[in-house]
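Dear colleague,

Please find below the structure that I am handing over to you. My notes on what was found in it follow directly after.

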Amino acid sequence: MQRWMIALTFVAALVLALVVRGATALVGLAVLFLLFVPLEKLFAFRPQRVFRPHLLTDLTHLFVDNFLVTIGGIVLGVLLALPVVWLRAFGIVAALPFAVALALGVAVAFLGNYVGHRLTHAVPFLWRFHSVHHSIEQMDWVASARLHPVDGAFTQACVIAPLFALGYGGGTFAGVAVFFTLLALFQHSNVRLRFPGVRWVINTPEWHHWHHSIDPEARDKNFGLPVIDKLFGTAYMPKDRRPTAFGTHDPVPQDGWWRHVVYPFTNAAHPSAARADVARADVARPNPVPVA
């Protein structure tokens, strides 16, 4: 019965995506499929099937969550910016040369993303929502979409709020949303490549895989851009090994979009908010994955 419900939810999500976005939804999915699937097959970090378990659930997230996160992120971002909205009257961005305004916007966006993401790990209430994303046990580009809408909207709002206060407009918000979506697809992909020369500059799969690792030494590391994590002491990327496994020890369901949506409001999510270090450290783990 549960499998039928998952399948029906996916079909409903697909229909909704077609109604809201038209054929571009399928075209976009096809392009991503043609881009990432060969990449993950040729340079797989771990061998796994394309049509892996829980794929329909993650595809449902892919079709539904982006719309909800975008709307929620903009609304919440503007609300968060209200205490300092008076800054817009100074026209800070308009007074800057384009190149300077662009550089400032990029820096503010990455810093806001880091702060928002780190808060979802540090604040127990926010972790209830973010733990849905960390329930990913098989990393690939589709798994990046497993995100509770509230969690995604909050992190996006932390990016939008300072940009809005400084005077940036809707075009900037849209560009930032697209950029971080593409970055998420890339950094979650099941790719073993290390990208020498830029592995400490951009968010590579190697970098973000450690963020999703169950290894205790990697807990609460690699929240955003490597240089920002380095600055705040939360960077972790050893040269001689890779994560042993992915996921969370919180009791997040693996299947079902609706079960993910309601999970943070269930009793099961309450004890998980504490995320005791001992509980995570005592879990038996396989041998470290050597560097290819």
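**Findings**

Leu-39 lies in helix α2. Please bear in mind throughout that this is a predicted model. With a relative accessibility of 26%, Leu-39 counts as partly exposed, because buried means under 20% and exposed over 50%. Neighbours within four places in sequence aside, Leu-39 is in contact with Ala-44 and Val-191. Leu-39 and Val-191 are 152 residues apart along the chain, yet their C-alpha atoms are separated by 7.2 Å.

Val-191 also appears in the surroundings of His-209, a residue of helix α9, which covers residues 205–211. Is His-209 buried or exposed? His-209 has a relative accessible area of 1% and is therefore buried. Leaving aside neighbours within four places in sequence, the residues in contact with His-209 are Phe-45, Met-139, Gln-187, His-188, Ser-189, Val-191, Pro-243 and Phe-246. For Ser-189, there is a further detail: its backbone oxygen lies 3.0 Å from a polar atom of the His-209 side chain.

**Nonpolar cores**

In soluble globular proteins, nonpolar side chains tend to be buried together. In this model, the largest nonpolar core has 21 residues, and those with the most contacts inside it are Leu-163, Tyr-168 and Phe-180. Two or more residues of this core come from each of α5 (98–122), α7 (149–166) and α8 (170–188). The largest share, six residues, is given by α7.

Which residues is Tyr-168 in contact with, leaving aside its neighbours within four places in sequence? They are Arg-88, Val-93, Ala-101, Leu-104, Gly-105, Leu-163 and Phe-173. Apart from the largest core lies another core, of 18 residues, including Ala-17, Leu-59, Trp-141 and Val-142.

**Pockets**

The largest pocket has a volume of about 1,200 Å³. Its lining consists of 48 residues, and those nearest the centre of the pocket are Asn-66, Ala-177, Phe-180, Thr-181 and Ala-184. Phe-180 thus links two parts of this account, as it is named both for its contacts in the largest core and for its place in this lining. The elements that give two or more residues to the lining are α2 (24–42), α3 (55–81), α5, α6 (124–134), α7 and α8. Of these, α8 provides the largest share, 14 residues. By class, the lining has 24 nonpolar, 21 polar and three charged residues.

One of these lining elements, α6, is mostly covered, with nine of its eleven residues buried. The buried residues of α6 are Leu-126, Trp-127, Arg-128, Phe-129, His-130, Ser-131, Val-132, His-133 and His-134.

The second largest pocket has a volume of about 540 Å³. It is lined by 25 residues, and Val-50, Phe-51, Arg-52, Leu-55 and Leu-59 lie nearest its centre. Leu-59 is also among the residues of the core of 18 described above. At least two residues of this lining are supplied by each of α1 (2–21), α2 and α3. Which element gives the largest share of the lining of the second largest pocket? That element is α2, with five residues. The lining of the second largest pocket divides into 13 nonpolar, four polar and eight charged residues.

With kind regards

Notes:
Residues are numbered from 1 along each chain as its sequence is written. This is a predicted model: local features need pLDDT of at least 70, side-chain atom pairs count only at pLDDT 80 or more; totals for chains, interfaces and linings use all residues. Side-chain values use heavy atoms; hydrogens and water are left out. A nonpolar core is a set of buried Ala, Val, Leu, Ile, Met, Phe, Trp, Tyr and Cys residues joined through side-chain atoms within 4.5 Å. Buried means under 20% relative accessible area, exposed over 50%, partly exposed in between (1.4 Å probe, protein chains only). Helices (H or I, at least four residues) and strands (E, at least two) are DSSP runs, numbered from the N terminus. Contact means heavy atoms within 4.5 Å. On a 1 Å grid over the protein atoms alone, a cavity is a set of points where a 1.4 Å probe fits but cannot get out, and a pocket is an open set with protein on both sides within 12 Å along at least five of seven lines; lining residues have an atom within 4 Å of a point. Grid points are joined across faces, edges and corners, and a volume is the space filled by probe spheres set on the points. Ala, Val, Leu, Ile, Met, Phe, Trp, Tyr, Cys and Pro count as nonpolar, Asp, Glu, Lys and Arg as charged, and the others, Gly among them, as polar. A polar contact is a pair of N or O atoms within 3.5 Å; within protein, one must be able to donate a hydrogen and the other to accept it, and residues adjacent in sequence count only if both atoms are side-chain atoms.
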